[in-house]
Amino acid sequence: MTATHVPGLPVIEDNQLISTNPATGEEAGRVPAADEQAVRAAVERAKEAAAWWQGLGWDGRRTRLLRWRSLLVERIDELAELTRLESGKPVNDGLIEVTAAVEHLDWAARHAKKVLGPRRMRTRLLLAEHVGHLEYQPFGVVGVIGPWNYPIVTPIGPISGALAAGNAVVFKPSEYTPVVGQWLVDTFAEIVPEQPVLQAVHGLGDVGGALCRSGVGKVSFTGSTATGKKVMAACAENLVPVVIEAGGKDALIVDFDADVRAAAEAAVWGSMTNAGQTCIGIERVYAVAPVYDAFVAAVVEKAGKLRTGEEIGPITMPRQLDIIRDHIEDALAKGGRAVLGGADAVQAPYVAPTVFVDVPEDSSEIREETFGPTLTITRVADVDEAISKANDSPYGLGGSVFGKKNAVRAARRLRSGMVAVNGTLTFVGMGNLPFGGVGESGFGRIHGEDGLREFARPKAITVRRAKSLLPAMTFERTPAQVRQIVKALRLLYGRKP
Ligand code: NAD
């Protein structure tokens, strides 16, 4: 590293992408930077690898994916330490991240055959002479574009779904965490050395754009909403389907019958884990009046114990510090009160835990993704007001409700893809639940059955098993037969007298 390098900011020198720790500037590693041609070449290689991978069948893929899962478990400490070195993430957060990644890999490997495999469909009365078959066929090559904030679990979600479905994957890790991305690819190659079924291409945003235009069958993007729109535009050129996992501004609701201390503990974890750099992180709380004061006090007490440099790691992306500072200043300028942290919270590369009350709803701290260890708490009259304020956002990723009597009902009414009741972020840890958002948080799903189907095309086949008694789909039908078909239709589906 030369003296001009900003710690944590990726640089490309001599066709090498150099990755450094955001707190210390220590080099985490360097990887070859790709250009458009290299991306195309990787996708061409992946097409061949995909044919080989498909040839292994469900059981062959399952065995290999489960072996890779076990490798991740065996080398969990190494991976968490590498993630700390590269992104600054505390090792304990890294270990929990690997745990979630292992869950998704395991679930996808074990369930792909059942969810996507061929099945016979029940015959329909009007086409009784035909039998239906349904199966889900892989796209061939899937492009996965990843972010830096959870460099293990965010790509492993779509990668495990895509691989289990029978695709090869070309993965473009974030330029802030390419070394962790390459580690995932290298360890997969230890398990599957025969063909480049999982490859990485490294570089800045242009390499992601090249991947969208490189002939892949589908793109799974995780990152900011603004980049998600660019990815969609690039994919639209060739009608390449996309999954967009974008940003969020998730809310937590505290109802009158909530366990207030448990809610505070979860709010602090949900907003401050990974220094708040979490797509499904809690950024806003709406607490009903009877529990508001006790909740604010408990949050301040618990968040006040967190130490920067220990539980709160550095902000991985240096320019995010300016956004966090802007939001804090805007909240204070508009009349918000910091009950913890506040004006001086940003001390690069760290941000001290900051809790606001009385922040107006038009403040950027309420409306835009802050991606730092900050939280706003707003007093509301009841759950209806909480839901209407929580839903007043272009984003809709996750969310949380604390309470007893009405909590699940409130969870259903939140405009989001996922909600944790009496917990935060927990839905990301269950391999059988789909993960994804609505509105500006994106569309499509990873994880679970929906996440597997995202990486395969449904293929419908009908097979004639007898001559048609009442042929409908031929010019050789007679008017009498058509009348008989209509008669049968009336009998079957007409209104009963
Ligand atoms: P980002 O949008 O800056 O970058 C994401 C990826 O896109 C990177 O690999 C980047 O190189 C690539 N990219 C940049 N420009 C591109 C282009 N024009 N074409 C194709 N690819 C391009 O996001 P980030 O800062 O890495 O990640 C943080 C964001 O990700 C936050 O908004 C966070 O909420 C979101 N996120 C969402 C989820 C989710 O599952 N919904 C998970 C984690 C993070």
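**Backbone oddities, cysteines and a well-wrapped ligand**

L239 lies in the loop between α8 and β10 (242–245). This is a predicted model, and in it L239 has a positive phi of about 55°, even though this residue is not a glycine. How buried or exposed is L239? With a relative accessibility of 75%, L239 counts as exposed, because anything over 50% falls into that class.

A275 makes a good partner for a side-by-side look. Its phi is positive too, at about 55°, and A275 is not a glycine either. A275 belongs to the loop between α9 (260–272) and β12 (282–288). Here the relative accessible area is just 1%, so A275 is buried. In short, L239 is exposed, whereas A275 is buried.

One more backbone feature turns up at a proline. The peptide bond that runs from A348 to P349 is cis, and its omega is near 5°. As for where P349 sits, that is the loop between β14 (346–347) and β15 (350–351).

Next come the cysteines. A disulfide is a covalent bond between the sulfur atoms of two cysteines. How many disulfides does a search of the whole structure find? The count is 0. Take C235: the nearest cysteine sulfur belongs to C212 and is 3.8 Å away, and C235 is in no disulfide. That fits the cut-off, because the two sulfur atoms of a disulfide have to be within 2.5 Å. C235 has a relative accessibility of 1%, so it counts as buried. C279 is buried as well, with a relative accessible area of 16%, because the limit for that label is under 20%.

That leaves the ligand, which sits in the largest pocket. Three elements each give two or more residues to the shell around the ligand: α7 (205–212), β9 (218–222) and α8 (225–236). Altogether, 30 residues surround the ligand, and the closest are G146, E175, S224, T227 and E369.

Some of the contacts can be pinned down to atoms. In G146, a backbone N or O atom lies 2.8 Å from an oxygen atom of the ligand. For K172, a polar side-chain atom is 2.9 Å from a ligand oxygen. E175 also joins in through its side chain, where an N or O atom is 2.6 Å from an oxygen atom of the ligand. How much of the ligand's accessible area does the protein cover? On its own the ligand has 850 Å² of accessible area, and the protein covers 90% of that.

Notes: Residues are numbered from 1 along each chain as its sequence is written. This is a predicted model: local features need pLDDT of at least 70, side-chain atom pairs count only at pLDDT 80 or more; totals for chains, interfaces and linings use all residues. Side-chain values use heavy atoms; hydrogens and water are left out. Buried means under 20% relative accessible area, exposed over 50%, partly exposed in between (1.4 Å probe, protein chains only). A residue is near a molecule or strand if one of its heavy atoms lies within 4 Å of it. A polar contact is a pair of N or O atoms within 3.5 Å; within protein, one must be able to donate a hydrogen and the other to accept it, and residues adjacent in sequence count only if both atoms are side-chain atoms. Accessible areas come from the Shrake-Rupley method with a 1.4 Å probe; for residues, only the protein chains shown count as cover. On a 1 Å grid over the protein atoms alone, a cavity is a set of points where a 1.4 Å probe fits but cannot get out, and a pocket is an open set with protein on both sides within 12 Å along at least five of seven lines; lining residues have an atom within 4 Å of a point. A molecule sits in a cavity or pocket if more than half of its atoms lie within 2 Å of its grid points. Helices (H or I, at least four residues) and strands (E, at least two) are DSSP runs, numbered from the N terminus.
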